[in-house]
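Student: Can we walk through this structure together? I would like to begin with its sheet.

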Amino acid sequence: MSTFLYRLGKSAYTKPWYFLTVWILILGVIGALLGVNGIQSSSEMKIEGTESQKVLDMLVKELPAAAGGQASVAFTAPDGERLDTPERSAVILKAINDVYSMDYIINPAELAAQAAAAAGQAAGADPSAAAGGQTATSDPSAAGQTDAAGQATAAAQAAPYGPLILDGAPVPGVMLSADGSIALFQFQFTVQQTSLPSSVPDDVIKAVTEVEQAGSGITAIPSDSLKSTPSIGSTEAIGVAVAAVVLFITLGSIVAAGLPLITALLGVAISVGGAFALSNIVHMNDITPILAVMIGLAVGIDYSLFIVNRQRRLILDENLSAKEAASRAVGTAGSAVFFAGLTVIIALCGMLVIGIGFLSTMALVAAVSVLITVLLALTLLPALLGLVGERICTVKARSKNVASAGKARHGFSHRWANATVKYRWAIIVLVVLVLGTAAIPVTKMELGIPSGASANLDTPARQSYDIISKGFGEGFNGPLLLVAQPNNPSDKISMQTLGKLVQELQMHDNVTLVSPMGVNATGDIAIISLIPKTGPTDTKTRDLVQDLRNPTSSLASANDVTLGVTGFTAINIDMSSKLSDAFPLYIGIIVILSLIILLLVFRSVIVPIKATIGFILSVLATFGLTTAVYQWGWLHSLFGFDTGGPLLSFMPILVTGILYGLAMDYQVFLVSSMREAYVHGRHGNDSVVHGYDLASRVVLAAGVIMVSVFAGFIFAPDAMIKQIGFALAFGILIDAFIIRMTLVPAVMAVFGDKAWWLPKWLDRLLPNLDVEGDKLIAMLNAKGEGKK
């Protein structure tokens, strides 16, 4: 491998424009595809096979109108005033009529007319069917025309809110709070929000906010379901700026520092642009490209840094020409980059085993981003080095190196390595105690999809959530959609049965309002809207969903029906449960992969086990800190949010895969340097300290760069991006600085030369990957190539 990469690096250095032209052409093709295909993404995060998704798929087939997504808008009056004045009611009615006139919005008046027509047709064909109310409708008023359904909705009439009245008639779809200061407009789309054209939510927001321009004093606040897609803010640029400063300090020149930035930015442009170019073919979540930007920037800068730093050391320490140093750097450090990138790719692709569609797409796009980054580091970077030539090292750096030749350089890293070796047992115990303590909150970790309840106080999503909760109760922020089907397929559900079912549902301790939405034309599917008392992310709401689905419950048994539950809240509950169950499986996959890959790279039994245990410690501590901050709300003001809430349901799996790959990067670069020292004749603590001296500076710089890049996303406006950025930033901080640069040398000192033990029979079976490039260096030194 090292010999092949050496030749590749020399070819790129010698003929830079060939390689530059290829990458520029690739970028141009991607740009052309973007121009033709456009950019398409959605917020959809569904998991096939869950109970809520099965019910939703059935509704899409049988009752498409009932399967559409829901949204709401809260209208508020000035303090101490009411909304139900004739003038304000008229302004609200106009805005609502404007919304109902749009495409993809269900108009209840038209729906009621369709229901009446369906009822008339049923009466003409079969009077008994009409009497039973076997009509297709999603309108509560149409469903409530029978006495039974009217009795079932008596609880709604006694609630501390009612319809907004104008000229003696209720404004369709609008409820008014008891004090008249808040009106809630709830409406339904004909399709799920993820299938809506992006212009529809924008048009809805524009229509309802026109009430604010009429001099009425009304404020319109759209719900979280009408929010815009997550985006990258300006704070991410701070991380890149910090990375540039670290590169300059580490490499000593603007030219050398600029090369890793150029390759990383080009890698992000190609990977993210390529993902968008194929977005009309491959369904892509809104978070997917942001994740690719995170990983592409971090590993793109780090991998190029490793190679450029190795080239400069070869020039300064061994007096090689820039050409030969670049070629050798690609052959040696490039081998480590290749295997480090491979570990990240394998870890990400391991998510495919879980079988969750949107998560698999995220993993594949991120893995392709890493692959492109590795290819750029091994081909484009040496081509750029060829254009720079001998200018990669300044005259000042060369003079300083000559002046210090022959002098022992024992800086901070040398003293730190000696200290960790000397106090190894104390350090091991301290690290385990500290990280073990940080991991304790993991036992209380709750997973979900962040809602308006955890948004910042100054955002429309949070304001909408709080206002709706104040006027009507938290449950109105997360309605549930129930589907009742008879246990006997030949039976029908009459309106009397539906009314009885609604009455019994209304008696549940955690139910605020139950509204019958009707029965389909064949009479075997009844639709019910249910508003819980608790919010969408509350554990009591999750318990309610489980109770409703229980086929042996008294409710289901007494009515001889099976209840299915769907809706945005139920979908999120099922998603969180599925991902929680999959997390231990994925951890197991990661552990096995870690042992196999590190066994091949280091040809040691102890090193893979040690590295894997260290990774488990770091990842548990990472999730413990993330739980304490984002769920419990510790230090919330420091990290730019107001209220804690559940952690993003797919975050643990996603972050574990990424952190594993990146942690192995540092493991490869740091421990391979120790192995190189051991192979070249140093033993015991001497090999640990010498290897640490050689690799710690660049690993330290790489860790600071990664933490800086990921930390920039902590202050993004979207709560999901905040959590991912925090977990990755602190995960790298813990793994790079506490595990790899502190715990690793201490443990290596405990085992000494035994750390490299490998049974002879296994030694014969394993291929020699020559990650350190020993064979290459021996061959080149024998030829005496590259000396000035």
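**Sheet and cores**

Tutor: This is a predicted model. It has an open sheet of 5 strands, with antiparallel pairing. The strand order is β2-β3-β4-β1-β5.

Student: Why is one side of β2 and of β5 left without a neighbour in the sheet?

Tutor: β2 covers 161–166 and β5 covers 219–222. Both stand at the edges, so one side of each has no neighbour in the sheet. The reason is that each has a single partner strand.

Student: By how many degrees are neighbouring strands turned against each other on average?

Tutor: Direction is ignored for this angle. The average over neighbouring strands of this sheet is 35 degrees.

Student: Which residue in β4 stands opposite Thr 76?

Tutor: Strand β1 spans residues 70–76, and strand β4 spans residues 182–188. They pair in the antiparallel sense over 7 bridges. Opposite Thr 76 stands Ile 182.

Student: Which strands does helix α10 touch?

Tutor: Helix α10, residues 199–209, packs on the sheet. Its direction makes about 160 degrees with that of β5. The strands touched by α10 are β1, β4 and β5.

Student: What angle does helix α19 make with β4?

Tutor: Helix α19, residues 460–472, also packs on the sheet. It touches β1, β2, β3, β4 and β5. Its direction and that of β4 make about 110 degrees.

Student: Which residues have the most contacts inside the largest nonpolar core?

Tutor: That core has 154 residues. Leu 359 is in contact with residues including Met 351, Leu 579 and Ile 653, leaving aside neighbours within four places in sequence. The residues with the most contacts inside the core are Leu 359 and Phe 650.

Student: How many residues are in the other core that lies apart from it?

Tutor: Among its residues are Ile 96, Ala 183, Phe 187 and Val 204. Ala 183 and Phe 187 fall within β4, residues 182–188. The size of this core is 30 residues.

Notes: Residues are numbered from 1 along each chain as its sequence is written. This is a predicted model: local features need pLDDT of at least 70, side-chain atom pairs count only at pLDDT 80 or more; totals for chains, interfaces and linings use all residues. Side-chain values use heavy atoms; hydrogens and water are left out. Two strands pair if DSSP finds at least two bridges between them. Helices (H or I, at least four residues) and strands (E, at least two) are DSSP runs, numbered from the N terminus. Axes are lines fitted to C-alpha atoms, for helices over the stretch in contact, and angles run from 0 to 180 degrees between N-to-C directions. Contact means heavy atoms within 4.5 Å. A nonpolar core is a set of buried Ala, Val, Leu, Ile, Met, Phe, Trp, Tyr and Cys residues joined through side-chain atoms within 4.5 Å. Buried means under 20% relative accessible area, exposed over 50%, partly exposed in between (1.4 Å probe, protein chains only).
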